[in-house]
Amino acid sequence: MAERFWAKVDKRGPDECWLWTGAAGAKGLGSFRREDRTQTTPRRVAYQLVVGEIPEGHIVIATCGLGNCVNPNHLAAIAPGGEVSRDIEPDLVDIFERAARRFYAGHAGEEP
Ligand SMILES: [Zn+2]
């Protein structure tokens, strides 16, 4: 699955946005079909492939603000309460949590 996934990503430098070039999906977040044929968003797949499992109930956001960015360095899993669950550099926590608040303000209920 990983090979099929990354073939549809415009991979760039570690700090740049890596844009999903596959199916656009709803809301511009992209769409990817898992092996079990369920649909998910590319950033959730990128997070699972590179960072690890997404804790139950968490959403994955792109902190750069681009809905179809899948650079793992730009992704964070956010708990329903808004806390960042991933170990990140302390000076990034604010950025991630602000992104989470924006996310919940604009897209409540999005994406399992
Ligand atoms: Zn990005």
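1. Contacts of Leu 19. Setting aside neighbours within four places in sequence, Leu 19 is in contact with Asp 10, Asn 68 and Cys 69. The residue belongs to strand 2. Leu 19 counts as partly exposed because 18 other C-beta atoms lie within 10 Å, while a residue needs 20 or more to be buried. Gly 30 is 11 residues from Leu 19 in sequence, and the two C-alpha atoms are 9.6 Å apart.

2. Confidence. This is a predicted model. Mean pLDDT for the protein is 82. Of its residues, 78% reach 70 or more. Among the elements, strand 1 (residues 9–10) has the highest mean pLDDT, 97. Helix 3 (residues 90–107) has the lowest, 68. Keep that value in mind when reading point 8.

3. Overall layout. The protein has 3 helices and 6 strands. Along the sequence they follow the pattern α-β-β-β-β-α-β-β-α. There are 112 residues, and 28% of them count as buried. Take the contacts between residues at least 6 apart in sequence: 39% of these join residues at least 24 apart.

4. Strands 5 and 6. Strand 5 (residues 59–62) pairs with strand 6 (residues 75–78). The sense is antiparallel, over 4 bridges. Within this pair, Ile 61 stands opposite Ala 76 of strand 6. Which residues of strand 5 point which way? Ile 59 and Ile 61 point one way, Val 60 and Ala 62 the other. In a regular strand, side chains alternate between the two faces of the sheet. All four of these strand 5 residues are buried.

5. The core. The largest nonpolar core holds 17 residues. Val 60, Ile 61, Val 70 and Leu 75 have the most contacts inside it. Helix 2 (42–50), strand 5 and strand 6 each supply at least two residues of this core. In soluble globular proteins, nonpolar side chains tend to be buried together. Leu 75 shows who meets whom. Beyond its neighbours within four places in sequence, Leu 75 is in contact with Arg 43, Ala 46, Tyr 47, Val 60 and Ala 62.

6. Helix 2. Which residues of this helix are buried? They are Pro 42, Arg 43, Arg 44, Val 45, Ala 46 and Tyr 47. Note that the list includes Arg 43 and Arg 44. What do the buried residues of helix 2 pack against? The partners are helix 1 (2–6), strand 2 (19–20), strand 3, strand 4, strand 5 and strand 6. After helix 2 comes Gly 52, with a positive phi near 145°.

7. Arg 37. This residue sits in the loop between strand 3 (32–33) and strand 4 (39–40). Its phi is near 75°, a positive value in a residue other than glycine. Is Arg 37 buried or exposed? Arg 37 counts as exposed, because it has 6 C-beta neighbours inside 10 Å, and 12 or fewer is the cut-off for that class.

8. Thr 63. The loop between strand 5 and strand 6 contains Thr 63. Why does Thr 63 count as buried? The reason is its 23 other C-beta atoms within 10 Å, set against a cut-off of 20 or more. Thr 63 and Arg 98 are 35 residues apart along the chain, and their C-alpha atoms are separated by 8.7 Å. As for helix 3 (residues 90–107), its mean pLDDT is 68.

Terms used
Residues numbered from 1 in each chain as written. Predicted model: local features only at pLDDT ≥ 70, side-chain atom pairs only at ≥ 80, totals over all residues. Pairing = 2+ DSSP bridges. Core = buried A, V, L, I, M, F, W, Y, C linked by C-beta atoms within 7 Å. Contact = placed C-beta atoms within 7 Å. pLDDT = per-residue confidence, 0-100.
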